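Thanks for coming. I will take one structure this morning, start from a single residue and work outwards.

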Amino acid sequence: ETLVLNLHSKEEIFRLRSNQISLEEAIQSIEKAVLIQNNPLYMNSIRLNLVEALIPIDLEIAKQQFDLLTGIDPNLRFNTYQRYVARWWLCKSILYPRQRLSCLRESISKHRISGCSRAAKALEKRLHELI
C-alpha cells in the first residue's frame with residue numbers, strides 16, 4: 001500500500017502541475033501518502049516533491065510544506081540521501097532568499113557528492129549570476 005500511495009502522490013503532483021487538480025486536493029493526497037510511510041526518507045521525499053511543485057504556484061504554501069520536513073542528518077552518506085539533501089538545499093535557497101547564496105553552495109556541494117555533476121554545474125552558473 002505504501003508503494004501504491006507513493007506512486008499515486010507522483011501522479012497527483014503531475015496533475016497539480018498541469019492544473020488538473022486543486023492545491024487542496026494535491027496536499028490532501030500527499031498527506032495521505034506521507035502519513036503511512038514508515039521510511040523517513042520516503043516520507044520526506046514525497047513532501048519535497050510537493051514543495052518543488054508548489055514553488056512556481058504558491059511560495060507561501062511551499063514554505064509551509066517545506067517547514068514540515070525533518071532536518072538533515074549529517075551522518076547519512078548514501079547517494080540517494082545526498083541527492084535528497086541537494087534538492088532540500090535548493091528549495092531552501094528559493095524559499096529563504098536571505099540565505100540564497102549559502103544554500104546554493106550547499107546544494108552544489110551535495111550534488112557533486114552524489115555524482116550529479118551536471119546539476120552542480122547548472123547551479124554554479126546560477127550562483128555566479130547572483131554574485
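Trp88 sits in helix H5. This is a predicted model, so please hear everything that follows as computed from that prediction. Is Trp88 buried or exposed? Its relative accessible area is 11%, and the cut-off for buried is under 20%, so Trp88 counts as buried. Setting aside residues up to four places away in sequence, Trp88 touches Leu48, Phe66, Leu69, Thr70 and Ile72. Further along the chain, Glu106 is 18 residues from Trp88, and the two C-alpha atoms are separated by 9.6 Å.

Trp88 also belongs to the largest nonpolar core, which has 29 residues. Which members of that core touch the most other members? They are Leu16, Leu48, Leu50, Val51, Phe66, Tyr84 and Trp88. Five elements give two or more residues to this core: helix H1 (2-17), helix H2 (23-35), helix H3 (40-54), helix H4 (59-66) and helix H5 (79-95). Apart from this core lies another one, of five residues, including Ile108, Ala120, Leu123 and Leu127. As background, nonpolar side chains in soluble globular proteins tend to be buried together.

Val51 is one of the core residues I just listed. Beyond its neighbours within four places in sequence, Val51 is in contact with Ala62, Gln65, Phe66, Cys91 and Leu95.

Now the chain as a whole. How many helices and strands does the protein chain have? There are seven helices and zero strands, and read from the N terminus the order is α-α-α-α-α-α-α. The radius of gyration is 15 Å, and the globule rule gives 14 Å for 131 residues; those values are close, so the chain is as compact as a globular protein of that length. Along the principal axes, the C-alpha atoms fill a box of roughly 40 × 30 × 25 Å. Buried residues make up 40% of the 131 residues. If we take the contacts with a separation of 6 or more, 52% of them are between residues 24 or more positions apart.

Next, one pair of helices. Two packed helices are described by the angle between their axes and the distance between the axes. For H1 and H3, the angle is about 5 degrees and the axes are 10 Å apart. Angles under 35 degrees count as roughly parallel, which makes H1 roughly parallel to H3. Which residues meet there? From H1 they are Asn6, Ser9, Lys10, Ile13, Leu16 and Arg17, and from H3 they are Ile46, Asn49, Leu50, Glu52, Ala53 and Leu54. Sorted by class, this contact has six nonpolar, three polar and three charged residues.

Two residues from that contact deserve a closer look. Ser9, in helix H1, is buried, with a relative accessible area of 1%. Not counting neighbours within four places in sequence, Ser9 is in contact with Ile30, Ala33 and Ile46. Ala53, in helix H3, counts as buried at 1% relative accessibility. Outside its local stretch of up to four places in sequence, Ala53 touches Ile13, Leu16 and Arg17. Arg17 is 36 residues from Ala53 along the chain, yet their C-alpha atoms are separated by 6.5 Å.

Helix H3 has two further residues to mention. Asn44 lies in H3 and counts as buried at 6% relative accessibility. With residues up to four places away left out, Asn44 touches Leu69, Thr70 and Tyr84. Leu69 and Thr70 are also touched by Trp88, which brings us back to the starting residue. Met43 is in H3 too, but at 24% relative accessibility Met43 counts as partly exposed. Leaving aside neighbours within four places, Met43 is in contact with Val34 and Gln37. The C-alpha atoms of Met43 and Ile30 are separated by 9.6 Å, with these positions 13 residues apart along the chain count.

Last, a loop residue. Where is Asn19 found? Asn19 is in the loop between H1 and H2. Asn19 is not a glycine, although it has a positive phi of about 60 degrees. At 69% relative accessibility, Asn19 counts as exposed.

That is what I have; questions are welcome.

Methods
Residues are numbered from 1 along each chain as its sequence is written. This is a predicted model: local features need pLDDT of at least 70, side-chain atom pairs count only at pLDDT 80 or more; totals for chains, interfaces and linings use all residues. Side-chain values use heavy atoms; hydrogens and water are left out. A nonpolar core is a set of buried Ala, Val, Leu, Ile, Met, Phe, Trp, Tyr and Cys residues joined through side-chain atoms within 4.5 Å. Buried means under 20% relative accessible area, exposed over 50%, partly exposed in between (1.4 Å probe, protein chains only). Helices (H or I, at least four residues) and strands (E, at least two) are DSSP runs, numbered from the N terminus. Contact means heavy atoms within 4.5 Å. Axes are lines fitted to C-alpha atoms, for helices over the stretch in contact, and angles run from 0 to 180 degrees between N-to-C directions. Angles under 35 degrees count as roughly parallel, over 145 as roughly antiparallel, 65 to 115 as roughly perpendicular and the rest as oblique. Ala, Val, Leu, Ile, Met, Phe, Trp, Tyr, Cys and Pro count as nonpolar, Asp, Glu, Lys and Arg as charged, and the others, Gly among them, as polar. The radius of gyration is taken over C-alpha atoms; the globule rule is 2.2 Å times the number of residues to the power 0.38.
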